[in-house]
Amino acid sequence: MMKESAFVKKTKTSLHNLDFLKKPCVFDIVDSTNATARDFATAGAQEGTVVIARTQRQGRGRYERRWESPEGGLYLSLILRPESAYEKTSLLAFVAALAVAKTIRSYKVHATIKWPNDVRVNGRKIAGILLESEGQGQSIDYVIVGVGINLAVDLKDLSSRIQTRSTSLHHELQNPVDYHEFLNTFITAFEHYYKSYQEQRWDEIIDEWKTYSDTLGKNVRVKTMTGTLEGKAFDVDKSGFLLLLTSTGETKKILSGDCLYFDELDHA
Ligand code: BTN
């Protein structure tokens, strides 16, 4: 059931006045916060509108996968209306991953980012990010940034398929986490990095993402929409594409995919 809403006509926010948390739409349960945010964005909801739910019936993950959404998780979707070129959109996943990882680190838990945007602790996934966008050509109407974080999820509530590869902040800390405090810290961090994005300070975002990422330097296997590539991940480019050096000495540029580390393949 919807508890609160600040549904206003479509406007672009000024660069320095995003005020994300001032426009929260809080639900007990929805199918998917991304789907709800999409409906709102199509109806003209303002940039900065945040859709938050306690649980989701049909949480969506990357590549049409399901995002298991038991109670105790933080499930939210942000509506953005960025003015940058379409090719920079994938950097918004970097923005979100950085904000999540930074927030988790503020609890002295060492979160890292696996390209492009899985947030992990000790090699186990703690958060995932799903971008969905709408627009024509280079012009973006809106981008939905969906973030799912295993804040206080009881790992036993996750299916056996992902249980051993997942963790939660509660589990890592062995202590309860204040939901609202975490949410506030996350939104503040997101606003910080999104400001850099809006001001086109891409290098700052990428450089900081690299300090959080555990992907570069690793031998990886990346499953893409068109096939599987293997090689050493040696860099990301200005748009967040992964640069891979293959065994034949070729450089491959990958926009998006599922990245597995060879040194973890046994547990994948
Ligand atoms: C992934 O596959 O890693 C991305 C998972 C993204 C899940 C979040 S939960 C909130 C938002 N709503 C959804 O339906 N999905 C995203």
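Q: What makes an open space in this predicted model count as a pocket?
A: A pocket is an open set of grid points with protein on both sides within 12 Å along at least five of seven lines. The largest pocket here has a volume of about 970 Å³. Of the 43 residues that line the largest pocket, Arg65, Asp118, Lys125, Ile162 and Arg165 are the closest to its centre.

Q: Which element gives the largest share of that pocket's lining?
A: That's β7, with five residues. By class, the lining splits into twelve nonpolar, 16 polar and 15 charged residues.

Q: What takes up the space of the largest pocket?
A: The ligand does. Around the ligand there are 20 residues, and Ser32, Thr33, Arg60, Arg62 and Lys125 are the closest. That shell holds six nonpolar, ten polar and four charged residues.

Q: Why is the pair between the ligand and lysine 125 called a polar contact?
A: The cut-off for a pair of N or O atoms is 3.5 Å. An oxygen atom of the ligand is 2.6 Å from an N or O atom in the side chain of lysine 125, so the pair counts.

Q: What makes the pair with glutamine 56 count as well?
A: Here a nitrogen atom of the ligand is 3.0 Å from an N or O atom in the glutamine 56 side chain, and a pair within 3.5 Å qualifies.

Q: How much of the ligand does the protein bury?
A: Taken alone, the ligand exposes 410 Å², and the protein buries 99% of that.

Definitions and conventions
Residues numbered from 1 in each chain as written. Predicted model: local features only at pLDDT ≥ 70, side-chain atom pairs only at ≥ 80, totals over all residues. Heavy atoms only, no water. Near = heavy atom within 4 Å. Polar contact = N/O pair within 3.5 Å; in protein donor to acceptor, adjacent residues only side chain to side chain. Areas by Shrake-Rupley, 256 points an atom, 1.4 Å probe, with all protein chains shown as cover. 1 Å grid on protein atoms, 1.4 Å probe; cavity = no way out; pocket = protein on both sides within 12 Å on 5 of 7 lines; lining within 4 Å. Sits in = over half its atoms within 2 Å of the grid points. Nonpolar A, V, L, I, M, F, W, Y, C, P; charged D, E, K, R; others polar. Points joined across faces, edges and corners; volume = space filled by probe spheres on them. Helix = DSSP H or I, 4+ residues; strand = E, 2+ residues; numbered from the N terminus.
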